[in-house]
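Got your viewer open and a selection box ready? Let's take a walk through this model, one stop at a time.

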Amino acid sequence: MLRERLFSFFSKPRRAGMVLVWVVLLIVIFLGLAALVCDWACIHLVTAQLQNAADAGSLAGAQFVQQDANKARAQAVRISLANAAAGTPVRVNPNGSNDPVGDVVIGRYDQTTRTFAPTLISPNAVKVLTRRDGGSPDGPLPLAFASLIGISQANLRCRAIAMSASLTAAPAVLVLNPHAPGALTATGNGRLKVSGGDIQVDSDSGSGATGSGNARFEADNVNIVGQARFTGSSGVDGTLRSGADFIADPLADLPGPPIGPNLGAVSLSSKASVTINPGYYAGGITLSANSTITLNPGIYVLDGAGLQASGNGRITANGVMVYLKGSARLNLTGNASATITPPDPAVNAYAGADTYQGIAFFQDRANHNAATLSGTGGMAVDGAVYLPSGQLTLSGNGDTLGAQLIVDTLRMTGNGAVTINYDNGNRPPTPTHVFLVE
């Protein structure tokens, strides 16, 4: 009976026509919904791509924002462009005027109030806006199907803010050996004076820092993981703290420089004078007997003899980093004199100036040779002296022997004073932590 009724119903032409209309209408509706779902998925995908570009650009810029706002802006633009959205590179306007509504904005982020303020004065954050709208280079995102209902394009905007926070600044003098007795030692009447920073001894020995005679360490704080032992009139001018926290090597990830063609060796004596260019000197550089050498700005990789000067030899090296590989030694002794400043990317445009900014000497971690810097008032070594696996012996008479010392062990000898000018700015930048805040 039911079958007969259904047959009767559908057999009537009028009712059959109505069913066909409903079927067609439902098909149109379902196709329309499917089309809108496709456009929605496209919008969702492109929004995610724009957000990725904003995140990457802001993080890249924040790496440099505390040192160079212009470089931070350029990095944000470059890294954003390396990302793609809807198949095209994400282009952002550099916004050189630092307009608060621009694509790349330099400023300060307050973590307490969670607010961002555009400024070029002591900035710590970068905001990046990535867009597909009427004001962006590629315009709004075109829609394939929504135009059927009068929506032909979508305006999309994403933003990210990344900030740079300085980690704990490395001390002016950091003695890395974790266990050696006498890791920091001073004898005689010598005085190690640290201007603008602390001395840190990582040795946990009961005699991690020792002194004898009239030797003195002068610093705001002398922090020792273990204990100190002083005899005679030796000691500390400042605050001595035993049982201090260990401080890891802040330059542990610093790579060695590339090795170029072998330029041989330079050996000078008898009042000889020469100017040389950066590169790899497999035999090293030695000078004596009133000879003079000038090192043009750049990276010098030395093996063999390393860098050795004595007998009134004189070294002038501005904008230079000396890397001691293999068996190379650093010995500036006798009446040798030296004026050495490290790379500064604001002054030196060569490759590697950024990487080795503020570093005057870097001894390969596999090179355990001891080094000596000893002057009689003619030594002015600026920048960091980084010997992570070697002992450094200092002595002088009013000499400046580095803006920062990071060494395995350190000895102070003689009767004069040596100054470490940590507050003069020519040291490696303080390590920073970069992270997204919005």
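Start by selecting Y323, Y356, F362 and Y386: these four residues make up one aromatic cluster. Keep in mind as you look around that this is a predicted model.

**Aromatic rings**

Stay with the cluster and narrow the selection to Y356 and F362. Their rings form a tilted aromatic pair, 6.5 Å centre to centre with 45 degrees between the planes. Are these two buried or exposed? Y356 counts as buried because its relative accessible area is 4%, and F362 is buried as well, at 1%.

Searching the whole structure turns up five aromatic pairs. For another of them, select Y281 and Y300, a stacked pair with 6.2 Å between centres and 15 degrees between the planes. This pair bridges distant parts of the chain: Y281 sits in strand β19 (residues 279-281), Y300 sits in strand β22 (residues 298-302), and 19 residues separate them. Both are buried too, Y281 with a relative accessible area of 6% and Y300 with 0%.

**Zoom out**

Now show the whole chain as a cartoon. Its secondary structure comes to three helices and 35 strands. Colour by accessibility and you'll find that buried residues make up 45% of the 438 residues. If you draw a contact map, look at pairs at least 6 apart in sequence: 49% of those contacts join residues at least 24 apart.

**The nonpolar cores**

Which residues touch the most other members of the largest nonpolar core? Select I199, I315, L332, L392, L394 and L410, out of 59 residues in that core. Then pick L392 alone and expand to its contacts. Leaving out residues up to four places away in sequence, L392 touches A371, T372, L373, V385, L387, L405, V407, T409, L410 and R411. There is also a second, separate core of 21 residues, with A69, A76, V92 and I106 among its members.

Follow that second core to A69, which is in helix α3 (residues 69-81). Beyond residues up to four places away in sequence, A69 touches F64, I106 and L120.

Next, go to V126 in strand β5. V126 counts as buried because its relative accessibility is 0%. Put a distance label between V126 and I106: their C-alpha atoms are 4.8 Å apart, although their positions lie 20 residues apart along the chain. Which residues contact V126, apart from its neighbours within four places in sequence? The list is S58, G61, A62, V65, A72, A76, V104, V105, I106, A160, I161 and A162.

**Two backbone oddities**

Switch to a Ramachandran view if you have one. Most residues other than glycine have a negative phi. S122 goes the other way, with a positive phi near 50 degrees. You'll find S122 in the loop between β4 (115-118) and β5, and it is exposed, with a relative accessible area of 52%. If A69 is still selected, measure across to S122: the C-alpha atoms are 9.3 Å apart in space, with the two positions 53 residues apart in sequence.

N98 is another non-glycine with a positive phi, about 60 degrees. N98 lies in the loop between β2 and β3 (104-110). At 9% relative accessibility, N98 counts as buried.

**Empty space: the cavity**

Time to turn on the surface. The count comes to one cavity of 30 Å³ or more, and the space inside is about 70 Å³. To see its walls, select L50, A85, T88, P89, V90, R91, R131, R132, S136, P137 and D138. Strands β2 (88-89) and β5 (125-132) are the elements that give two or more residues to this lining. By type, the cavity lining divides into five nonpolar, two polar and four charged residues.

**Last stop: the largest pocket**

The largest pocket has a volume of about 870 Å³. Which of its 30 lining residues should you select to land closest to the centre? Go for Q67, D354, T355, Q357 and P429. Then highlight β33 (404-412) and β35 (432-436), each of which supplies at least two residues of the pocket lining. Colour the lining by residue type to finish: 17 are nonpolar, seven polar and six charged.

Technical notes. Residues are numbered from 1 along each chain as its sequence is written. This is a predicted model: local features need pLDDT of at least 70, side-chain atom pairs count only at pLDDT 80 or more; totals for chains, interfaces and linings use all residues. Side-chain values use heavy atoms; hydrogens and water are left out. On a 1 Å grid over the protein atoms alone, a cavity is a set of points where a 1.4 Å probe fits but cannot get out, and a pocket is an open set with protein on both sides within 12 Å along at least five of seven lines; lining residues have an atom within 4 Å of a point. Grid points are joined across faces, edges and corners, and a volume is the space filled by probe spheres set on the points. Helices (H or I, at least four residues) and strands (E, at least two) are DSSP runs, numbered from the N terminus. Ala, Val, Leu, Ile, Met, Phe, Trp, Tyr, Cys and Pro count as nonpolar, Asp, Glu, Lys and Arg as charged, and the others, Gly among them, as polar. Buried means under 20% relative accessible area, exposed over 50%, partly exposed in between (1.4 Å probe, protein chains only). Contact means heavy atoms within 4.5 Å. A nonpolar core is a set of buried Ala, Val, Leu, Ile, Met, Phe, Trp, Tyr and Cys residues joined through side-chain atoms within 4.5 Å. Rings of Phe, Tyr and Trp (its six-membered ring) pair if their centres lie within 6.5 Å; planes under 30 degrees apart count as stacked, over 60 as edge-to-face and the rest as tilted.
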